[in-house]
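Have your viewer ready, and perhaps a pencil for a small topology sketch. Below are some exercises to work through at your own pace, each followed by its solution.

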Amino acid sequence: MAGSRAGAASSKPTRPGRPPASRPSANTLGDVVLVSGELGAGKTTLIRGAARGLGVTEPVTSPTFTIGQTYSGRVPVSHVDLYRLADLGQEDPALLDDYVTPQAVAFIEWPGAAEPWLERITRRVELRHLGGDTREITY
C-alpha cells in the first residue's frame, strides 16, 4: 500500500540477489516501485531479487548506461536506472514509455528525476547502508 512505512534490516540476503523475507508484498501489472539509496546501498540487488520473485530467470543487471531493461517472467518486469539524469523534463517525453506501462511491473532506481511525471507510484523503497554488509530497507 502506498504511503505506509515499514522496515527491515538485513545483514546479507539468504542467496545472492534475493531480498530478505520481509520484503514488500507481491507486485502486479502496472505497479511502479521507486527504489532509492546511496551508491552501493543494494538497489540493483533488491530489484534482482524482486525480478526473480516475479519469475525472471535471465541475469538482471544495472541499466545505468542504457536507462532501462525489460525482462520476461510470470509478468514482464522493467528495471530503470535514472542515475545519469538530473531532470526528466529535459529529456524525450517518451523516454520511459517502453518501461512504465500497464503491462509490466516497473522498478525505478534514482527516481527523483522522473517522480513528478509518474502517474502511478505503487511503492517507495529506500535502502540505507548501515556499515559492513548491513542494510536498512524502508518501504
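The exercises that follow concern this predicted model.

**Exercise 1. Take stock of the fold**

Find out how many helices and strands the chain has, and write down their order along the sequence.

*Solution.*
Step 1: Count the elements; there are one helix and seven strands.
Step 2: Read along the sequence, and the pattern comes out as β-β-α-β-β-β-β-β.
Step 3: Add some overall values. The chain has 139 residues, and 44% of them are buried. About 7600 Å² is exposed, with carbon and sulfur atoms supplying 51% of that area.
Step 4: Look at the contacts with a separation of 6 or more; residues 24 or more positions apart account for 62% of them.

**Exercise 2. Trace the pairing around β3, β4 and β5**

Which strands does β4 pair with, and in what sense, parallel or antiparallel?

*Solution.*
Step 1: Start with β3 (68-71). This strand runs antiparallel to β4, and four bridges join the two.
Step 2: Pick out one bridge: Thr70 has Ser78 in β4 as its partner.
Step 3: Follow the connection, which is a hairpin that takes the chain from β3 to β4 through five residues.
Step 4: Turn to β5 (105-109). Here the pairing with β4 is parallel, over five bridges, and Val77 stands opposite Val105 in β5.

**Exercise 3. Decide whether β4 is enclosed**

Work out how many residues of β4 are buried, and which way they point.

*Solution.*
Step 1: Recall the cut-off: a residue is buried when its relative accessible area is under 20%.
Step 2: Sort the side chains by direction. Val77, His79 and Asp81 point one way, while Ser78 and Val80 point the other way; all are buried.
Step 3: Draw the conclusion: since five of the five residues of β4 are buried, the strand is largely enclosed by the rest of the structure.

**Exercise 4. Find the neighbours of β6**

Identify the strands that β6 pairs with, and give a residue pair for each.

*Solution.*
Step 1: Take β2 (residues 32-37) and β6 (residues 123-131); they run parallel and are joined by five bridges. Leu34 stands opposite Arg124 in β6.
Step 2: Go on to β7 (residues 134-138), which pairs with β6 in the antiparallel sense, again through five bridges. Glu126 stands opposite Thr138 in β7.
Step 3: Examine the hairpin of β6 and β7. Two residues lie between the strands, and Gly132 has a positive phi near 60 degrees.
Step 4: Select Arg123, which lies in β6. With a relative accessible area of 8%, Arg123 is buried. Its C-alpha is 8.6 Å from that of Val35, although the two residues are 88 apart in sequence.

**Exercise 5. See what covers the helix**

Which residues of helix α1 are buried, and what covers them?

*Solution.*
Step 1: Select α1 (residues 43-53); its buried residues are Lys43, Thr44, Leu46, Ile47, Gly49, Ala50 and Ala51.
Step 2: Look for the cover, which includes β2, β4, β5, β6 and β7.
Step 3: Step just past α1 to Gly55, where phi is positive at about 95 degrees.

**Exercise 6. Compare two positive phi values outside glycine**

Where do Ile67 and Trp110 lie, and is each buried or partly exposed?

*Solution.*
Step 1: Check the backbone. Ile67 is not a glycine, yet its phi is positive, about 75 degrees. Trp110, also a residue other than glycine, has a positive phi near 50 degrees.
Step 2: Place them: Ile67 is in the loop between α1 and β3, and Trp110 is in the loop between β5 and β6.
Step 3: Apply the 20% cut-off. Ile67 has 16% relative accessibility, so it counts as buried. Trp110 has a relative accessible area of 25%, so it is partly exposed.

**Exercise 7. Describe the largest pocket**

Give the volume of the largest pocket and the make-up of its lining.

*Solution.*
Step 1: Note the volume, about 380 Å³.
Step 2: List the lining: there are 17 residues, and those nearest the centre are Asp97, Val100, Trp117, Leu118 and Glu119.
Step 3: Sort the lining by class, which gives nine nonpolar, three polar and five charged residues.

Methods: Residues are numbered from 1 along each chain as its sequence is written. This is a predicted model: local features need pLDDT of at least 70, side-chain atom pairs count only at pLDDT 80 or more; totals for chains, interfaces and linings use all residues. Side-chain values use heavy atoms; hydrogens and water are left out. On a 1 Å grid over the protein atoms alone, a cavity is a set of points where a 1.4 Å probe fits but cannot get out, and a pocket is an open set with protein on both sides within 12 Å along at least five of seven lines; lining residues have an atom within 4 Å of a point. Grid points are joined across faces, edges and corners, and a volume is the space filled by probe spheres set on the points. Ala, Val, Leu, Ile, Met, Phe, Trp, Tyr, Cys and Pro count as nonpolar, Asp, Glu, Lys and Arg as charged, and the others, Gly among them, as polar. Two strands pair if DSSP finds at least two bridges between them. Buried means under 20% relative accessible area, exposed over 50%, partly exposed in between (1.4 Å probe, protein chains only). Contact means heavy atoms within 4.5 Å. Accessible areas come from the Shrake-Rupley method with a 1.4 Å probe; for residues, only the protein chains shown count as cover.
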